Amino acid sequence: MTRDLWTMVWKEWKEIFLQRGTLRGGVFTAIAIPLGLLGIFIPWQEGPRWAESSTNSVVWIWLPVFLVATMICESFAGERERKTLETLLASRLDDRTILFGKLAAAVGYGWGLAMSSLVLGLITVNVVHGHGPLILLPAATVLLVATFSLLASTLAASAGVLISLRASTVRQAQQTLSLSLLGLMFGGLFGIQALPTTWKMWLARTLSGATLLTTELVGGALLLALDLLVISIAVARFQRARLILD
Amino acid sequence: MPDIAIRTETLTRDFAAVRAVDALTLQVEAGAVFGFLGPNGSGKTTTIRMLLGLLEPTAGRAEVLGFDTRTHSGRIRARSGALLENPGLYERFSAEDNLEFYARVWHLGSAERRARIRQLLDHLGLWDRRKEAVSKWSRGMKQKLAVARALIHRPSLIFLDEPTAGLDPVAAAALRADFQSLVANGEATVFLTTHNLAEAEKLCTHVAVIREGKLLAIGHPDELRAQSGVPKAEILGRGFTPEVLLALRSLPMVASTEVRNGRLTIALRGPSDLAPIVTLLVTVGAQIEEVHKGHATLEDVFLKLMEEDTA
């Protein structure tokens, strides 16, 4: 299974990097530009503040989600649109290998790029602005960013795959995923606003009373549960017959 | 490999109110090149999809390479190669990358992958263009590459769904020749769907004719031609007037006559001696250049079966 998963990831990444026509052009656009911007340019400009800014944590969590969302819609809808899906399904690869291969490729790209630019950012800050002790991110921040960005990008990837399974075109899948993400974001915000005052006060008390670690653990557990739920639905909905006939 | 590569028993598939495949029962011997003939929409592609386990039958069952399509479709796909309705190539990839991906899928080792890719691309005359993106290729070249992909892992069973559809005659003939030479060792069983009867006649050791999901005939092409019972005579010459044709039709062995471009085709009632026909033609003043005694082609058989089924 591992070998087959890697084969699928190899194929998916190759497709991403060849979107610009040549492998060199694709690698430049999909890897070099984001790395240069997030791992060199911004840390260079911000200096040591870059490592202290808490808003950066939010960026590192959202960045892979954004990267994953841009590519995951291609997964099944793209194969269907380019008429390669039936041949892939007629191969010896089993259902889970195809599904998890596509998920792993998207998450691996988004999360891998985010973590690589984080590391590169640290190197840049230290090389350009380091005059004395090493400038490092707090271990808790690194753990938070690495865990949450992985969970959030897995959620985006599995939701994207789920949508892509039934979408007839990539554009349709992208529109549905964008609307779903917007719905999730605004739904959460407006949902909290719409809560009765007593509930809101209880929530505020609970959050202010809890330690940061507890809040992170609860948030992480919620995200993990959502990931598992959406992946389970995607596994259940992966039916070769329906994929071919849709 | 079992002696019977494919066995179906009353295999049926419905799509809502439409019955795409209707109680199909057939056997394909291992090593055969089996032609599955039928007009568009006759259920050929649906049958292949069921045999590969991509679609569940509504009723009946099928066994491919000894495995039930409902319970062991993964094992069937692991031992099969397929060129389906579309070439299914990744157009951004080069020819080499397309084959590389499917060679990896079938667990060919690194050295074996390189050797097999070179062997197939060399054989098909595509080696020099292996680095080009497939999107720049002609349809004929893409189909050749898709055939190579279907054969990359030396499968026991190869499904080819209308491989020459949409190709110009030259490209189609080249692909047929390539295909014939690639499967010449006879180790693989080939299940070929087509509505190109000349193609089936050239490639197939056995054929079946299907229409509206129903099997109309099955057998060796020669058997079908013999069963069709329409031996014929073709006469080249001049003076085939309506009166001459009327006189010909009065002969007991003549079933029907047709003149097209100076060629007189006479359908005979069973195997007949042509001498009385030639004598009559000469007597009534027709001028004869050539006489051919012929048998029905697969196309004649096919058209006859279609007519009988419609009637």
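This report looks at helix α1 of chain A, the contact between chains A and B, and one helix pair in chain A.

Keep in mind that the model is predicted.

Let's start with α1 of chain A, which runs over residues 2-17. At 1.5 Å a residue, its 16 residues should span 22 Å, and the end C-alpha atoms are indeed 22 Å apart, so the two values agree. Its buried residues include some charged side chains, among them A:Asp4, A:Lys11, A:Glu12 and A:Glu15. A:Thr7, A:Met8, A:Val9, A:Ile16 and A:Phe17 are buried too. What sits over them? The cover includes α2, α4 and α7 of chain A, along with α3 (95-105) of chain B.

Now for the contact between the chains: chain A puts in 20 residues and chain B 24. On the chain A side, α1, α6 (85-89) and α12 (240-245) each give two or more residues. Of these, α1(A) gives the most, with five. By class, that side of chain A has six nonpolar, four polar and ten charged residues.

Elsewhere in chain A, α8 (139-166) and α9 (170-194) have axes that come within 9 Å and cross at roughly 140°. The two helices are therefore oblique to each other, and their crossing is right-handed. These are the residues that meet:

| Helix | Residues in the contact |
|---|---|
| α8(A) | A:Ala159, A:Gly160, A:Ile163, A:Ser164 |
| α9(A) | A:Ala173, A:Thr176, A:Leu177, A:Ser180 |

How many charged residues does this contact of α8(A) with α9(A) have? There are no charged residues in it, just four nonpolar and four polar.

Definitions and conventions: Residues are numbered from 1 along each chain as its sequence is written. Chains are lettered from A and ligands numbered from 1 in the order in which they are written. This is a predicted model: local features need pLDDT of at least 70, side-chain atom pairs count only at pLDDT 80 or more; totals for chains, interfaces and linings use all residues. Axes are lines fitted to C-alpha atoms, for helices over the stretch in contact, and angles run from 0 to 180 degrees between N-to-C directions. Helices (H or I, at least four residues) and strands (E, at least two) are DSSP runs, numbered from the N terminus. Angles under 35 degrees count as roughly parallel, over 145 as roughly antiparallel, 65 to 115 as roughly perpendicular and the rest as oblique. A crossing is left-handed if the near helix is turned anticlockwise from the far one by less than a right angle, and right-handed if clockwise. Two residues are in contact if their C-beta atoms, placed from the backbone, lie within 7 Å. The expected span of a helix is 1.5 Å times one less than its number of residues. A residue is buried if 20 or more other C-beta atoms lie within 10 Å of its own, exposed if 12 or fewer, and partly exposed in between; C-beta atoms are placed from the backbone.
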